[in-house]
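Thanks for making time this morning. I would like to walk you through one part of a model, going slowly, so please keep the picture in view while I talk.

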Amino acid sequence: MNRSFEAATEVAERVEALRALIRHHNHRYYVLDDPEVADAEYDALYDELVSLEAEYPDLISDDSPTQRIGGAPLAQFSAVAHELPMLSLNKCTTRQELDDWLTRCMSRLGTEEALSFTCEPKIDGVAVALRYEAGRLVLAATRGDGQAGEDITANVRTIGAVPLRLDADDVPQLLEVRGEIYMPQEDFQAFNTRARERGEKTLVNPRNGAAGSLRQLDPRITAARPLTMYCYGVGMLDGGWRPATQMEVLEKLRDWEMRVNPETRLVEDIAGCEAYVDSLLARRGALGYDIDGAVIKVNSLALQQRLGTLTRRPRWAMAFKYPAEEATTRVLSVEFQVGRTGAVTPVARLDPVFVGGVTVSNATLHNMDEVSRLGLHIGDTVMIRRAGDVIPQVMAVITARRLADARAVTLPEACPACGSPIVHAEEEAVARCSAGPGVCPARRKEGLKHFASRLALDIEGLGDKLVEQLVAADLVKHPADLFHLSEEQLISLERMGPKSAEKLLRALEDSKETTLARFIYSLGIREVGEATARNLASHFGDLSALMSASIEALEEVADVGPIVARHVHGYFADSENRQVVDSLLAAGVHWPEETRDPGAAPLAGQTWVLTGTLEALTRDEAKARLQRLGAKVVGSVSKNTHQVVAGPGAGSKLTRAERLGIPVMDEVALLALFEEHGVD
């Protein structure tokens, strides 16, 4: 047997193995709604097959996964043939590949003239086609294999972002709108939080959640899922309208009250495309929805027609892919960390994996209930997710890959930091160290980090590593000890010279003047966040009144229920905690008397919601300024909401506000409001 024949046989066997793997994963993802690999791992298999078939075209067969797009329709749904195929996109990951694509376009068109392009986020959702006849939605279908999909009309009709009727006079008699149905990140997290609280199965990721929601046989289940849609183009048209450019298509869809992504831009050359790709990647974590890249299209539809398609992929479009935000890896061990309130949190130590642009070796597991829900064992292969700056999370366990020696995860009986017993109250999902911060060094460290944080006393220069050194050297046992540190003590620490020590001492002195709300927040009382601390300060106006308040009196404070009231009352009833407060006051921590009557604030009694991306301010900054004007800032829109501030990427909250007729303003108007009232 000659060497070339052996090589050809190996290639053919690898091609068949890849096809079998991809068919298996398509079935798991599209049919069973239970993926075994992250998207990046699937893409790597698919790309390898594409590469081999390009190099050995004789091996291409009609039943290869590369000759179809996505998975087969489910038997439970009727099939829908697409009159115009729903194409998939070629993809690239480097600027050179992007430049090469432009060169190919210009060469095929036989022109040296610059081309204009549309650029938009590549949303990680479910591609669908909506068919409107005489302005009425009559059919919604998934992409399926590109030639035929599934009829999901009943489910899509439950999505508020999808118009059931288009009333404009110029809507064509037949209009097919194409877009991406997705689940906003905030809504996805909220859905999973509720599911965990009920002990139900959580969604693996927003894309999987959207796909599973659209495949529900009961539309009422779909209606309960937080789905929305952005439109990106049209398919079949009949009735007079003949757009000339992609931007004209999007502008007309927007005129017809379809959702079009506000991040879409028209650029004049390849340099503009590259700048857009970089800018979008930098803002990826703030968009509010998952994207896996940017889509770039030749703007002229006539030139699109001339460029044509190749193997069901358009030559006139390119997807620039970003680093994957999900990956599969193995759990090497599970360790337990102790927080400032004593909460004992399991953390997965992972075989390092590159995901979301960084190498990840740890992922949070929340609590033991989450470990049980996942069915996690040490040694398991898991799917992890890291979106933006979010702490990596274990989303699913790939039980099919479980090793024979995998071990169950058990909660330790003693605190790993101080050896005190761990207690687990029946009414709580969280287990806690039974010792206080004075005994448990882990609680002490986390408490000091919280005390020095930006929303608390905001002590510049007192970072996590320095706090750990101070605790390890036994220089600080309670927050008040910070204000008694000497320059000599600080200089004795690693990487602390005289200038650094002097700077920190000045920052500590400056932090002594604060506000009552910040002081309350800095104490780290369980369930008392920034907003609750502000409400407590406004209600009582005086620390002594708060410290002596009964549970009943505390429950009269806005947004303070029985549980929070018990935590606040219990904190101040504890003699050790009172000693901490007294020590801080004795060290000179103080606040000027509040001169503003909360009831006289311009936005007193109003409820506001922030959604989408803010560019001039962070979300925390905007929230703090609104609260200074007396507004209550909440996370969800209801009929009691007075105003919504919407930035780019606003999703279901904006849709709900529009449906309820709640006023909506943009960031420019918000900044004008702050300037009007002198709030900065």
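Let me begin with two helices in this predicted model: helix H17, which covers residues 530-540, and helix H22, which covers residues 619-628, have axes that come within 12 Å and cross at roughly 15 degrees. Because angles under 35 degrees count as roughly parallel, H17 is described as roughly parallel to H22. The crossing in which H17 passes H22 is right-handed. Which residues make the contact? On H17 they are Glu530, Ala531 and Arg534, while H22 contributes Ala624, Gln627 and Arg628. If we sort the residues of this contact between H17 and H22 by character, we find two nonpolar, one polar and three charged.

Now please move along to strand E25, residues 643-646, and ask yourselves whether its residues are buried or exposed. Both faces of E25 turn out to be covered, with Gln643 and Val645 buried on one side, and Val644 and Ala646 buried on the other. As a general reminder, side chains in a regular strand alternate between the two faces of the sheet.

E25 also has strand partners, and I will take them in turn. Strand E23, residues 607-611, runs parallel to E25 and is joined to it by four bridges, and here Trp608 stands opposite Gln643 of E25. Strand E26, residues 664-665, is likewise parallel to E25, with two bridges joining them, and in that pairing Val645 has Met665 of E26 as its bridge partner.

Next, let us look at the loops on either side of this strand. Thr641 lies in the loop between strand E24 (632-634) and E25, and because its relative accessibility is 7%, Thr641 counts as buried. Leaving aside residues up to four places away in sequence, Thr641 touches Thr607, Val609, Ser636 and Ile662. By contrast, the C-alpha atom of Thr641 is separated by 49 Å from that of Arg407, which is 234 residues apart from it along the chain.

Pro648, for its part, is found in the loop between E25 and helix H23 (652-660). With a relative accessible area of 25%, Pro648 is partly exposed. Again not counting residues up to four places away in sequence, the residues that Pro648 touches are Pro262, Glu263, Leu287, Gly612, Thr613 and Glu615. Pro648 and Glu426, however, are 43 Å apart in space, C-alpha to C-alpha, and 222 residues apart in sequence.

That is where I will stop, and I am happy to go back over any of it.

Notes: Residues numbered from 1 in each chain as written. Predicted model: local features only at pLDDT ≥ 70, side-chain atom pairs only at ≥ 80, totals over all residues. Heavy atoms only, no water. Axes fitted to C-alpha atoms, helices over the stretch in contact; angles between N-to-C directions. Parallel < 35°, antiparallel > 145°, perpendicular 65-115°, else oblique. Left-handed = near helix turned anticlockwise from the far one by under 90°. Contact = heavy atoms within 4.5 Å. Nonpolar A, V, L, I, M, F, W, Y, C, P; charged D, E, K, R; others polar. Buried < 20%, exposed > 50% of the residue type's maximum accessible area, 1.4 Å probe, protein only. Pairing = 2+ DSSP bridges.
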